[in-house]
Amino acid sequence: MNTVKSFWVGWGALCVGGAGAYYFAKKEINASRTAKLEEARRRRLANTSLEYSENVPSHPLSSSTMAATPARTDAAGSPSQEAGNDPAPTRHAPETERQRVLEKSKYEPAVPYTSRKGDRFS
């Protein structure tokens with residue numbers, strides 16, 4: 001059977017071991033958090049430098065070389081220029097009843113819903 005002294009020695013050893021484990025775990029967690037934060041900062045800095053390095057020319061252009069560049073006639077990659085070539089964004093209204101029925105899906109009613117007027121409990 002345990003004595004009072006062995007009981008307290010056991011609890012003391014358990015508490016010291018738990019505190020030591022907590023200390024080293026906390027130290028490792030903080031180290032991994034700082035490493036992850038530094039990696040995120042490095043990645044973000046690399047992305048911003050890549051993003052803005054394309055906009056800044058490596059050698060400045062003179063006005064004579066800028067004037068010699070032909071105007072762009074290709075619309076590829078320019079959404080504002082491509083928008084003029086798109087077909088109508090919406091469908092046109094059907095001209096006949098047959099066209100109207102054919103355009104409806106099988107889940108869409110032929111007649112739009114209108115709520116009944118008056119008290120709904122009567």
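Let me start with glutamate 39 and arginine 42, which are three residues apart in helix 1 and therefore separated by about one helical turn. In this predicted model, their side chains meet in a salt bridge, with a distance of 2.5 Å from N to O. Glutamate 39 also forms a salt bridge with arginine 43, and here the closest N and O atoms are 3.8 Å apart, which falls inside the 4 Å limit for such a contact. Because glutamate 39 and arginine 43 are four residues apart in helix 1, about one helical turn separates this pair as well. Through these shared partners, Glu39, Arg42 and Arg43 are joined into one network of salt bridges. As for exposure, glutamate 39 has a relative accessible area of 31% and is therefore partly exposed, while arginine 43, at 47%, is also partly exposed.

How many salt bridges does the structure hold? The count is three, and the one I have not yet described links the side chains of glutamate 38 and arginine 41, at 3.2 Å from N to O. Both residues lie in helix 1, three residues apart, or about one turn of the helix. Glutamate 38, with a relative accessible area of 46%, is partly exposed, and arginine 41 is partly exposed too, at 43%.

Let me now move along helix 1, which covers residues 4-53, to its aromatic residues. A search of the whole structure finds three aromatic pairs. In one of them, the rings of phenylalanine 7 and tryptophan 8 have their centres 5.2 Å apart and their planes at 80°, so the pair is edge-to-face, the angle being over 60 degrees. Phenylalanine 7 counts as partly exposed because its relative accessibility is 39%, whereas tryptophan 8, at 58%, counts as exposed. Another pair is made by tyrosine 23 and phenylalanine 24, whose ring centres lie 5.2 Å apart with planes at 75°, so this pair is edge-to-face as well. Tyrosine 23 is partly exposed, with a relative accessible area of 48%, and phenylalanine 24 counts as exposed at 54%.

Phe7 and Trp8 come up again in two groupings. Together with Trp11 they form one aromatic cluster, and with Val4, Trp11 and Leu14 they make a nonpolar surface patch of about 600 Å². Valine 4, which is found in helix 1, has a relative accessibility of 62% and so counts as exposed.

There is also an annotation to set beside this. An unreviewed UniProt entry places a transmembrane region at residues 6-25. In the model that span is 100% helix and 0% strand, and its end C-alpha atoms lie 28 Å apart.

Turning to the chain as a whole, the secondary structure comes to four helices and zero strands, following the pattern α-α-α-α along the sequence. Of the 122 residues, buried ones make up 2%. The accessible surface comes to about 12,100 Å², and 61% of that belongs to carbon and sulfur atoms.

Finally, a word on confidence, and where is it lowest and where highest in the chain? Helix 2, residues 63-68, is lowest with a mean of 54, and helix 1 is highest at 94. Averaged over the chain, pLDDT is 78, and 66% of the residues score at least 70. Where pLDDT is low, the predicted coordinates should not be read in detail.

Terms used. Residues numbered from 1 in each chain as written. Heavy atoms only, no water. UniProt positions renumbered as here; feature names shortened; annotations may be inferred. Helix = DSSP H or I, 4+ residues; strand = E, 2+ residues; numbered from the N terminus. Buried < 20%, exposed > 50% of the residue type's maximum accessible area, 1.4 Å probe, protein only. Areas by Shrake-Rupley, 256 points an atom, 1.4 Å probe, with all protein chains shown as cover. Patch = residues over 30% accessible without salt bridge, like charges linked within 9 Å, V, L, I, M, F, W, Y side chains within 5 Å. Phe/Tyr/Trp six-rings, centres within 6.5 Å; stacked < 30°, edge-to-face > 60°. pLDDT = per-residue confidence, 0-100.
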